[in-house]
Every structure is written in C-alpha cells, then in structure tokens.
Amino acid sequence: AHMKTHTERPWRGMEGSAGAAMGAQEFSVGVDIGGTNIKFGIVDAEGRIIRQKKTPTDPRRGCEAILAGIVREVSALLSEAGLHARDVASIGLGVPGTALDGTVVYAPNLFWRDVPVAPVIAPVFGVPVAVAQDTRAAAWAEYLVGSARGLRGVAAVTLGTGIGCGLVIDGRIFHGALNTAGEFGHQIVEIDGEHCNCGRTGCLEAHAGGLAIVREAKKRIPQLAGEREPSVADVYVLAQHGNAEARKLTERVCRYIGVGLVNLINLTSVEMICLSGGISNAPAELLLDPLMAFVRSRAYEMAAKQVKIGRSTLGEDAPLIGAALLYREAGTRVAAERLAVAPAD
C-alpha cells in the first residue's frame, strides 16, 4: 500500500508541445541549495537528471537576491531544454535547514530565518513548489529511485563537514511532530564531550564530522600539523598507508558513527542506511566494513541481522533528485498545492 503514491497522477499533465515531442514524459525541476553552490536539474519520472547546471550561492547576497537568481536559472534551464513551466509537474527545493509549508524556517549556513520560498517562486511559474530539508529530500530519492527502492524504511545519512540524516518510514518522509526529525548528528555520544556548532556539547557531529576529524588530525598527527589546512582525505590516505595516529583517529571516528547508527537502527527499525558525503568515500576497510561489523555486534539482534548499510547509489545528486520528486510525497503535495498559483496571462 505504501507504494501507492508512486503511480498517482502528477499535479499537471504534459499538455505542452515540448511534452508531446518528448514522448509525453513527466518532468520536474529540482533545486539543491547548498552553502557553497546551488544545483539545478530537470528530472524525469525515473529520477534521471536530463539537464543540470550549478551556480555559486554566496549567502551574503541575502535571500531576495538568491531567490531571484533561482527563478532566473530555472527559467533558463527550462528554456535550454525546450520546455515551458506548464510542461513540468512541479518545482522542488532542498535546503540546508528546517522548512515548513514552503517556508524556510531556519537555515544557519544561509543566514535565513522565516524566508517564504514557495510563495515567491510558485506564482512566477504557476506550478506547485515544494520545499524540504535537503537530507529528507535525499532520503526520498533513495526510497523512490535509489538504493532503497522497494523497501519500507530508509535513513539517508550524510557524513560530511556536518552529519545529517533524512528518514522515510512506511512510504512517507518522517518529519516528526516538532519537525526536527533526523538530527542524527546532534545525538549525544559523549556526556562531557566536545562543543558543537549547535551550541550543545558531546554531539556526534562534534566528534566524527569533517571539522572534528581535521581538528583532531592537527592535534594528533605531526605530518598534518603544518601551515596548510589538512583535509579529511589526507587523514584517510595516511591511515591507509599504516600511519598509527591516523589509524587511531579513523578507528575512533568509525566507533562514534557506529554508536550513532546503532541508536538510529534500534529506534527507527529502518531496513537500509544509505551513506553519502565526503567521509563516506573513505576506503571500505576503514569505514564501511568496520561499521557493518560494529552494527552487527551491537544493534538489537533482530535488526542487526537484517539491516543493510551501503554507499548511496545517487551520491551527491540525491538531494536534487529527491527535491524534484517531492510532488510524489502525499504530505508535501497537499502543502504545495495550496501554494500553487496560476501565472497571469
């Protein structure tokens, strides 16, 4: 029953000539707003990106300039593809922060608070506009067209500068009653631990995120204590080549992430964990293999035997694809349809 929304009619048919010319294919537009770049893509019904581009974000420009730029770039992308706004089912945006009913409530890396994204963009194109946290959009993509296709529960975990997570449970994006579900990086892994950018202490992100790895590397690995800022990749290269301090650090990171995953699996009973982000590119013997072993030995037995953990098949494209396909998620669709306004002739 949970697959029902996949085949429901989209908001708009492909009545336009471009749609007819391209085999009445169903298209949608995805926008992935990051702190550094904004990615734009036209996505087909199978989640394939048929055309894409990216531009710098530059958060200092302010929200109005960024939204105006998004409108401009989406228009250009459609034009380049020979499509009109009426040829797409919807426009979806993934944002690095909390969104509710088309408004970005809080996105710290963009310096946004209460920014009405959908009400600004929907009237320009006359199609429904959906907005979701980027990690939730990524999980939705994995569930619909990625590694977790056909499963009931998936967690898309991003291991990067920060650590985030999106959840799809029983065919719905899980937002939580307070709209804060998926703050995986802010579970406590040390009672009196490191300070986190969220203002609390002991968070997983503060012990195993990219910033934490670099911080510890500079303290503990003499080769990386020079003037040049080391990268996470530098640490893993040294660990792979047998550097004892680097190996100790990667093992500690793996243990912290393992604790986080065991807690997540025990609480949510998801079938699949999809890992993405820079840290997930670490050699399997330094991350994926020991993580799997840790989960098998420490998670609740019934879950430990069955849960799958793997790298995302969609990778960095997951938030964009998921944003484009948000119109297939029942709750998101209802909210976005309320905001859809037909353009003036």
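**Exercise 1.** Work out whether Asp-58 is buried or exposed, or something in between, and say what stands out in its backbone.

*Solution.* Start with the cut-offs: buried means under 20% relative accessible area, exposed over 50%, and partly exposed in between (1.4 Å probe, protein chains only). Asp-58 has a relative accessible area of 30%, so it is partly exposed. Next, the backbone: the phi of Asp-58 is near 50°, a positive value in a residue other than glycine. As background, most residues other than glycine have a negative phi. Last, place Asp-58: it sits in the loop between β3 (49-56) and α2 (63-80). Those labels are DSSP runs numbered from the N terminus, with helices (H or I) of at least four residues and strands (E) of at least two.

A word on the model before going on: it is predicted, so local features need pLDDT of at least 70 and side-chain atom pairs count only at pLDDT 80 or more, while totals for chains, interfaces and linings use all residues. Residues are numbered from 1 along each chain as its sequence is written, and side-chain values use heavy atoms, with hydrogens and water left out.

**Exercise 2.** Do the same for Ser-269.

*Solution.* Ser-269 has a positive phi of about 60° although it is not a glycine. Its loop runs between α8 (244-268) and β12 (272-276). With 56% relative accessibility, Ser-269 counts as exposed.

**Exercise 3.** Check the length of α2, then find what covers its buried residues.

*Solution.* The expected span of a helix is 1.5 Å times one less than its number of residues. For the 18 residues of α2 that should give 26 Å, and the end C-alpha atoms are 25 Å apart, which agrees. Now the buried side: among the buried residues of α2 are Ile-66, Ile-70, Val-74 and Leu-77. The cover includes β1 (27-33), β2 (37-44), β3, β4 (88-95), β7 and α3. After α2 comes Gly-82, with a positive phi near 70°.

**Exercise 4.** Lay out the open sheet of three strands and find its edges.

*Solution.* Strands pair if DSSP finds at least two bridges between them. The order is β5-β6-β7, with antiparallel pairing. β5 (98-100) and β7 (112-116) each have a single partner strand, so one side of each is left without a neighbour in the sheet. From one strand to the next, the twist averages 15°. Between β5 and β6 (residues 103-107) there are three bridges, and Leu-100 stands opposite Thr-103 in β6.

**Exercise 5.** Which residues touch the most other members of the largest nonpolar core?

*Solution.* Such a core is a set of buried Ala, Val, Leu, Ile, Met, Phe, Trp, Tyr and Cys residues joined through side-chain atoms within 4.5 Å. Of its 45 residues, the answer is Val-157, Leu-261, Leu-264 and Ile-273. α8 gives the most to this core, with 10 residues. A second, separate core has 35 residues, including Phe-40 and Val-104.

**Exercise 6.** Where in the chain are the partners of the Glu-26 and Arg-328 salt bridge?

*Solution.* The rule asks for a side-chain nitrogen of Lys or Arg within 4 Å of a carboxyl oxygen of Asp or Glu. Glu-26 and Arg-328 meet at 3.6 Å, N to O. Glu-26 is in the loop between α1 (17-21) and β1, and Arg-328 in the loop between α11 (318-324) and α12 (330-339), 302 residues apart. Both are buried. Overall, the count comes to 17 salt bridges.

Definitions and conventions: Axes fitted to C-alpha atoms, helices over the stretch in contact; angles between N-to-C directions. Contact = heavy atoms within 4.5 Å.
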